Amino acid sequence: METRKKLEILADAAKYDASCASSGSRRARAEGGLGNTEGMGICHSYTPDGRCVSLLKILLTNYCIYDCAYCVNRIGSDTPRARFTPQEVATLTMEFYRRNYIEGLFLSSGVIQSADYTMEQLIETARSLREEHLFGGYIHLKAVPGASEVALALAGKYADRLSANIELPRAGDLVQLAPAKTHEEIEESMSRIQFRLLEAKDKTKRNGKRPFFAPAGQTTQMIVGATSATDVDILTKSTALYEDYKLRRVYYSAFSPIQHSAPGMANEKPPLVREHRLYQADWLMRFYGFHSSELVTEVNGNLSLEHDPKLAWALEHREFFPVDVNAASKEALLRVPGLGVRNVERILRMRRFHKVTLEDLRRLRVSTDKVRPFVVAAGQGPANPDAARHKIEEKLRQPKQMELFAAAATARTGEL
Amino acid sequence: MIEARFDGTWEGWRDTARGLLANEIRPQEVLWTQETGQQALSGILATVDTGTSVPLRVPRGFLEDAAVVACHRSPEPWAVLYRLLYRLTHGERHLLEVTSDKDVLEFRRMEKAVRRDIHKMHAFVRFRKTGENRYVAWHRPDHRIARINAPFFVRRFGSMHWAILTPDESAYWDTQTLRFGPGVPRSEAPAQDDLEELWRTYYASVFNPARVKVNAMVKEMAVRHWPTLPEADIIPKLLAEAGTRVEVMGAARRESAAPFVPETVELPVLREAAAVCEGCDLHRHATRTVFGEGPLDGGVVFVGEQPGDLEDLAGRPFVGPAGQLLDEVLREAGIDRESLYITNAVKHFKFEERGKRRIHQTPRGVEIAACRPWLEAEMKILQPRLIVCLGATAAQSVFGRAVRVNAERGQFLPNHMAEAAFVTIHPSALLRMPDPAMAAAERSRFVEELRRVRAWLG
């Protein structure tokens, strides 16, 4: 099969993995080598679906011995199959990189023969890139479920990032849809990677020189909307994964009823806005001090599709407001709808030198319409919680009129 | 009013500003004028002695950010930069912390615009190969960033010979030295690179036609950059075809018995529903559905591959030659067939017609997967302790993955549908073995494995 046809099949097969980041790793170019990473990811292109193209994201092969119902590459699917050799992938990566099309490689694979055999093929590709081609760009390798400790340790020697996909939020869903995989096995991989990451960190402390092991850490992916799992289930699992394995990111991928999709799966596409809300909630958990249990306000255990999770929380906790921008703690400011992390930091700095007014906020390009009901600023008159409360209630009465509720439209159409 | 003439570069401005500051010239007294060409080099201030300049005491990072702002294409930066510099050195040392200040806002607005342009240049430069290890790109940045941005490309592509051409200025790297030259028009850049076809193939393959969001794309990849992006050529085509591709995806038939499986705890109800299953194409040619049979409470289920010619006619599993062999072997192992529930992974006969004969064909993965809901439903009702998989097809259905019988046979393996599942061969494998000695050896191994099944069941 010619390279172009293989690329078509194996890129198409890889696009269901949502992760595309190329950030979090710094490496200078080797003498005589090609490529580096400088911490910040670069999106080299965007496809008409609005998604970024940063890495050459492909499968080594889409042949697979497993029959995971949600996956287009499962053994019981009629999809066309192809297989690259590690050398072919390494050459393609180099050629694309030289022309500045990509930041590096994200390589995953269907499982062939065994987990370790498959993992060895992925490692061989990365090894060849690093040792033969002196490639200094970004490499993200998939940790094949069930891969041995030795294989994972070696993978981290070449890769910037590793990821073992948890696939579904509830262990029971996996039993139903991917009988050959278990949460225990997948989390075992995460735990092995975590162990090596800690070990590398520890050696840094003792010797001052950090041994190379997946400096961009590990991530995972969860499929949303394939089963009846609620947002509470999903966020609870994410929280546990962040805590237990110190993951850099959990990616959420809205299940799309794929071609040749399997029995027992949801037929309906979940609204795209659900995936978006989960990312927002995830963000609030990691950077805004929210706990997963606070964020879900709907009785059905899901995030509000109409309001973003921060606003939904604010509307449920009116006693918390108004927050005084000149006196409140950072934690309290972070809970104000319409104030982001950067602007909170700016406010904290600014208020050391002068009283912050609404005009100041406007200049920071904060939507004053959005924050006004929730804050007290200088020159705004004495703090009047009742007035603020009144404004929030007004908002509740006429949600559709507020610009802030534009998200409601996206909830209906599924377009963001 | 003082006219400050300088050459329009960051360095020129910096030297001039130092001189002005040393002479305590207030910002509102200065009119900044860019000059180009020879005279600019000497054209500092006539009235100010720049030799007395003192070292600048400004907050860390200011000069670095100011050098970025100086790349802004508009004439605005110079006055703003000097106002900031003056205020920072005249009692407002913390000015940059006051992000809502008008000068600071202007400064940051321009800095952001230039930094974004720098970042987009990192992203959108497209090298074209012109010879062995030689690459040339032509890029049109919004601001004058060719010089400030060149070191990035040196760090990354230091082992290549490259040139990055822009309309303002061009950068050349020969693996040792970075040189700059005048800007050049796009017509001087190479017209194509053979690899671009492969890149476009990749780009087209990662696009999901079910999620068209042109605005999101254009926001990050402005149309003005498209002419130098090889992949942008096919955007109109991808968009034009998106609708059709989505329809094709939607129309792709999903083979599955799931819609035919009723929610029930009654096996007869399940059997009745299975009789009219059209979950895959096999029902079109087979005579009938052959469902499982046996006691509900035997604790053990045997799963075969699919009904054969005689089973298809009789409507019962394992009544043909393979069934008779199974009966014999079970007797030898001391297992009563009447105590077993026996079923198949695929419930319709798949065959090829050759003359009057119907020749067995192994079901494909799609057919195994399509039929699995029936097996799942049977197991949910039966709740067996043990599932015995006869052959690879049965094992694939029970374990949800490809199983190599010889690697995994003879073990009591964990399974989601029962306490354990056990893999052994299908009796028809014995019938197909040409070598009688080998067949005999296999047969006794088969019996021995079934004895272990009996022992396990207790």
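**Exercise 1: Salt bridges**

Task: Count the salt bridges over all chains of this predicted model, then work through the pair Glu76(B) and Arg109(B).

Solution:
- Start with the count: by the rule of a Lys or Arg side-chain nitrogen within 4 Å of an Asp or Glu carboxyl oxygen, the total over all chains comes to 70 salt bridges.
- Now take the pair. The closest N and O atoms of Glu76(B) and Arg109(B) are 3.1 Å apart, and the two residues form a salt bridge.
- Next, place both ends. Glu76(B) sits in the loop between α3 (62-69) and α4 (77-88) of chain B, while Arg109(B) belongs to helix α5 (residues 102-124) of chain B, so the pair ties together parts that are 33 residues apart in sequence.
- Last, check the accessibility. Glu76(B) has a relative accessible area of 38%, so it's partly exposed. Arg109(B) comes in at 40%, so that residue is partly exposed too.

**Exercise 2: Another pair, and a network**

Task: Find where Glu449(B) and Arg409(B) lie, and say whether they are buried or exposed.

Solution:
- Begin with the contact: Glu449(B) and Arg409(B) form a salt bridge, with 2.9 Å between the closest N and O atoms.
- Then locate the partners. Glu449(B) is in helix α17 (residues 436-457) of chain B, and Arg409(B) is in the loop between α15 (405-408) and β13 (412-415) of chain B. They are 40 residues apart, and the pair links distant parts of the chain.
- For accessibility, both Glu449(B) and Arg409(B) turn out to be buried.
- One extra step: which residues form a network through shared salt-bridge partners? Arg83(B), Arg87(B), Glu92(B), Asp101(B) and Asp103(B) are joined into one.

**Exercise 3: A pair in chain A**

Task: Describe the salt bridge of Glu132(A) and classify this residue by accessibility.

Solution:
- The partner is Arg127(A), and the closest N and O atoms are 2.7 Å apart.
- The relative accessibility of Glu132(A) is 46%, so this residue counts as partly exposed.

**Exercise 4: A charged patch**

Task: Name the residues of the positive surface patch, then follow up on Lys205(A).

Solution:
- The patch is made up of Lys201(A), Lys205(A), Arg210(A), Lys246(A) and Arg248(A).
- Pick out Lys205(A): this residue lies in helix α6 (residues 183-207) of chain A.
- With exposed meaning over 50% relative accessible area, Lys205(A) counts as exposed because its relative accessibility is 70%.

**Exercise 5: Backbone oddities**

Task: Look at the peptide bond from Phe321(A) to Pro322(A), and at phi of Thr175(B) and Gln383(B).

Solution:
- Check omega first. The bond from Phe321(A) to Pro322(A) has omega near 0°, and it's cis. Pro322(A) is in the loop between α10 (309-316) and β11 (323-324) of chain A.
- On to phi. Thr175(B) has a value near 80°, which is positive in a residue other than glycine. You'll find Thr175(B) in the loop between β6 (169-173) and β7 (178-182) of chain B. At 24% relative accessibility, Thr175(B) counts as partly exposed.
- Gln383(B) also has a positive phi, near 45°, and is not a glycine either. Its place is the loop between α13 (365-382) and β12 (386-390) of chain B. Here the relative accessible area is 58%, so Gln383(B) is exposed.

**Exercise 6: Distance along the chain and in space**

Task: For Pro337(A), Glu311(B) and Leu229(B), give the place, the accessibility and a C-alpha separation.

Solution:
- Pro337(A) is in the loop between α11 (330-334) and α12 (341-350) of chain A. Its relative accessibility is 4%, so it counts as buried. Leu247(A) is 90 residues away along the chain, and 27 Å separate the two C-alpha atoms.
- Glu311(B) belongs to helix α11 (residues 309-314) of chain B, and counts as buried because its relative accessibility is 8%. From Glu311(B) to Gly323(B) there are 12 residues in sequence and 9.2 Å in space, C-alpha to C-alpha.
- Leu229(B) sits in the loop between α8 (214-220) and α9 (235-251) of chain B. At a relative accessible area of 0%, Leu229(B) is buried. Ala210(B) is 19 residues off in sequence, and the C-alpha to C-alpha distance is 24 Å.

**Exercise 7: Domains of chain B**

Task: List the assigned domains of chain B, then say how many Å separate the centres of domain 1 and domain 4.

Solution:
- The domain assignment gives domain 1 (2-119), domain 2 (125-188), domain 3 (196-251) and domain 4 (258-457).
- Taken over C-alpha atoms, the centres of domain 1 and domain 4 of chain B are 83 Å apart.

Key
Residues numbered from 1 in each chain as written. Chains lettered and ligands numbered in written order. Heavy atoms only, no water. Patch = residues over 30% accessible without salt bridge, like charges linked within 9 Å, V, L, I, M, F, W, Y side chains within 5 Å. Areas by Shrake-Rupley, 256 points an atom, 1.4 Å probe, with all protein chains shown as cover. Lys, Arg positive; Asp, Glu negative; His and termini not counted. Charge placed at Lys NZ, Arg CZ, Asp CG, Glu CD. Helix = DSSP H or I, 4+ residues; strand = E, 2+ residues; numbered from the N terminus. Buried < 20%, exposed > 50% of the residue type's maximum accessible area, 1.4 Å probe, protein only. Domains from an automatic or database assignment.
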